[in-house]
Amino acid sequence: MHGVNCWLMGLSFLLGLLLTFAFTIRRVKREVPVSATLGAAGAAAGAPTAPIPSAGAGTGAGSTAKLTGGTLPSEAETTTMAVGGAPYGVGSARAGAGGVGPTGWTIKGNEDSMLYHTTDSPWYDQTIAEVWFAEERAAEAAGFTRWDKGRAKGGGAAKLVGGVEEVPPGPYGPGSTKAGPGGSGPIGWTVKGNEDSMLYHGPASPAYDATVAEVWFKDEETAAAAGFARWDSWRKKKK
């Protein structure tokens, strides 16, 4: 009798186990919702990505004009680019890190002087743009003045005599002129003046390249006449 009871208990346990397995393991008739985290990730993966800006573009958000055949486009032709915004409307772009601008744009604008520089400006390479323009008329419409306007008759390019640019008399009379953006000077002028030290540096000075000019002189004689001392004059005095 004891053996029969054990056999019945074992059979009941086995049947219960089979029934439990049958009710638990069955086909799922509805989809289980994905968690919020995974759902968001999947949506992001499937969403279209924003256009990657060109190598010369900045990183801010905004829209600028699309350059079409080298001319200023209409509003309908503009495309969204991440170049830091268009502070002066269509055809303008805020400069990115280090003064970089959109690919193909060549007009640099300086907001301090409100001048714009074309590629033929002697200060073009030294100018760190704060704003870029697609073309000159966009810069002028924004209130910027061409770098050489008024420097020569008719507002044309700078007048050169023997490869040296002629400019109006500066703070120390004829042959002197205030430095331009970044310490730049007129074409062909080679003498840099420092108003703090009252020294002038010619190309032979070891500190010439490192010196950011505050004033330029046409030649050393003009600098000396203005009261500036040659960069190595202290050596002569020491001797």
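**Notebook: strand E11 and selected residues**

I began with Val191 and found that its bridge partner in E13 is Phe217. I note at the outset that the model under study is predicted.

**Entry 1: strand E11 and its partners**

I looked up the extent of the two strands: E11 covers residues 191–194, and E13 covers residues 215–217. Their pairing is antiparallel and runs over 3 bridges. I then turned to strand E12, residues 199–201, which also pairs with E11 in the antiparallel sense, over 3 bridges. Within this second pairing, I found Lys192 opposite His201 of E12. E11 and E12 form a hairpin with 4 residues between the strands. I checked the backbone there and recorded a positive phi near 55° for Met198.

Are the faces of E11 covered or open? I found both covered. Val191 and Gly193 lie on one side, Lys192 and Asn194 lie on the other, and all of these are buried.

**Entry 2: Glu220**

I next located Glu220 in helix H4, which spans residues 220–225. I classed Glu220 as partly exposed because its relative accessibility is 28%, which falls between the limits of 20% for buried and 50% for exposed. Setting aside residues up to four places away in sequence, I listed Val191, Tyr200 and Arg230 as what Glu220 touches. Val191 is thus noted twice, here as a contact of Glu220 and above as the bridge partner of Phe217. With Tyr200, I recorded a polar contact between the two side chains at 3.2 Å. I also looked up the separation of Glu220 from Thr190: they are 30 residues apart in sequence, and their C-alpha atoms are 8.8 Å apart in space.

**Entry 3: Leu115**

I found Leu115 in strand E5, residues 115–117. Its relative accessibility is 23%, so I entered Leu115 as partly exposed. Which residues does Leu115 contact, leaving aside neighbours within four places in sequence? I listed Lys108, Gly109, Asn110, Phe144, Thr145 and Arg146. I also noted Lys149, which is 34 residues from Leu115 along the chain, with 9.4 Å between the C-alpha atoms.

**Entry 4: Leu8 and a surface patch**

Finally, I looked up Leu8, which lies in helix H1, residues 2–24. I recorded Leu8 as partly exposed, at a relative accessible area of 41%. Leu8 belongs to a nonpolar surface patch of about 850 Å². The other residues I listed for this patch are Trp7, Leu11, Phe13, Leu14, Leu15, Leu17 and Leu18.

Definitions and conventions. Residues are numbered from 1 along each chain as its sequence is written. This is a predicted model: local features need pLDDT of at least 70, side-chain atom pairs count only at pLDDT 80 or more; totals for chains, interfaces and linings use all residues. Side-chain values use heavy atoms; hydrogens and water are left out. Buried means under 20% relative accessible area, exposed over 50%, partly exposed in between (1.4 Å probe, protein chains only). Contact means heavy atoms within 4.5 Å. A polar contact is a pair of N or O atoms within 3.5 Å; within protein, one must be able to donate a hydrogen and the other to accept it, and residues adjacent in sequence count only if both atoms are side-chain atoms. Patches are made of residues with over 30% relative accessible area and no salt bridge: like charges are joined within 9 Å, nonpolar side chains (Val, Leu, Ile, Met, Phe, Trp, Tyr) within 5 Å. Accessible areas come from the Shrake-Rupley method with a 1.4 Å probe; for residues, only the protein chains shown count as cover. A salt bridge is a side-chain nitrogen of Lys or Arg within 4 Å of a carboxyl oxygen of Asp or Glu. Two strands pair if DSSP finds at least two bridges between them.
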